[in-house]
Amino acid sequence: MYTQSFNVPDGAAPAQAVAAVLNAAQQQVLQAAQTKFDAVIDADGKIEPKDWMPDAYRKTLVRQISQHAHSEIVGMLPEGNWISRAPSLKRKAILIAKVQDEGGHGLYLYSAAETLGTSRDQMLDALHIGRAKYSSIFNYPTLTWADVGVIGWLVDGAAIMNQIPLCRCSYGPYARAMVRVCKEESFHQRQGFEALLAMMQGSAAQQAMVQDAVNRWWWKCLAMFGPPDADSPNSVQGMRWGIKRISNDDLRQKFVDATVPQAKVLGVTLPDPDLKWNEERGHHDYGQIDWDEFWATVNGNGPCNKERLATRVKAHEDGQWVREAAMAHAQKQATRQAQQQEAA
Ligand code: FAQ
């Protein structure tokens, strides 16, 4: 024992030696966890909340899922605006159900993000102070009833195209939430198409209203898929991790190819003179998206950004009493249960 202590150098060195041994052990544990994580990803398996995951994977998921959740709840606003003005009882009932569904999607998604260790309050704070992103598409106004149909047909159509591959996302809770979301989005897309079909079989004024709405929304829907692959900083890593399965450009192309025949059935023109079938590629070519406008909107300067955020903040503040009442009720129930257990 003594001889050993004689061998120990002075000062901080012993602590450093212990730390080095500990660090090496920690490194080994970390390496093993990383190897296991990589193996699950390579085997196309699922990562679950209690599994070890790299910090960057967790951060990416919180970023994407919270942005997605915010998009769903901000996305209630452009159409919610038309509930009191729907042209018939049937259309009103459908629209109420659809807008409620979007709220529900937001809730599943916030819950999925919470499993990663971020609280709903943190996510909502980020939205309310304007730090968090949400989909560019919800910063445009809904000027006529035809906009509601076009949102269903094109915006929900684009959302499904992007979300079907997310049902195979490597993070279990997100993938499972997306299965139900996609089923509901598919109803949303159909109701939009059907509402437009009814208008296109109506008067010349109704047909013109539909065409005008399509003209205003088409390019914004193409931009929804995100920047071109070459300018998409998150794509490569997102695809490596099995979060993203199909690239922004490939999804955009799939959307164009699927929508052109639907536009023919409706009898509307898609507002792009460069839109044509390319036999060689087996896809439609399409024109240039205005990326400057897209980034201006994403960065807070679209036509309705300020209005959307102000409405969300007000809704959250107006709902404070409901959250307080729910908490007080839960507390009362817990106290009552504890008293009953004590008495038993
Ligand atoms: N708007 O590197 P990437 C719906 C941002 S739900 C705003 O390509 P990533 C249902 C992006 O966040 C619609 N920002 O990023 C509904 C990133 O910024 P960051 C929402 C956008 O993540 C219908 C930066 O640009 N759907 O519509 C947009 O790999 C009707 C660089 O981009 C989802 O959220 C955009 N359009 O790919 C509700 C689906 N695009 O975070 C009501 C899940 C990109 O680095 C009514 N999300 N950015 O600062 C995704 O699939 C992906 O996050 C993408 C972007 C594809 C949106």
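Tutor: A residue is called buried under 20% relative accessible area, exposed over 50%, and partly exposed in between, with a 1.4 Å probe and protein chains only. The model is predicted, so local features need pLDDT of at least 70 and side-chain atom pairs count only at pLDDT 80 or more, while totals for chains, interfaces and linings use all residues. Residues are numbered from 1 along each chain as its sequence is written, and side-chain values use heavy atoms, leaving out hydrogens and water.

Student: Why is R308 called buried?

Tutor: The relative accessibility of R308 is 6%, which lies under the 20% limit, so R308 counts as buried.

Student: What makes E307 partly exposed?

Tutor: E307 has 48% relative accessibility, a value between 20% and 50%, and therefore counts as partly exposed.

Student: How do you know that the side chains of R308 and E307 meet in a salt bridge?

Tutor: The term requires a side-chain nitrogen of Lys or Arg within 4 Å of a carboxyl oxygen of Asp or Glu; for R308 and E307 the N to O distance is 3.7 Å, and the pair meets in a salt bridge.

Student: How do you know that the span of helix 11 agrees with its number of residues?

Tutor: Helices are DSSP runs of H or I with at least four residues, numbered from the N terminus, and the expected span is 1.5 Å times one less than the number of residues. For the 19 residues of helix 11 (residues 248-266) this gives 27 Å, and the end C-alpha atoms are 26 Å apart, so the two agree.

How values were computed:
Helices (H or I, at least four residues) and strands (E, at least two) are DSSP runs, numbered from the N terminus.
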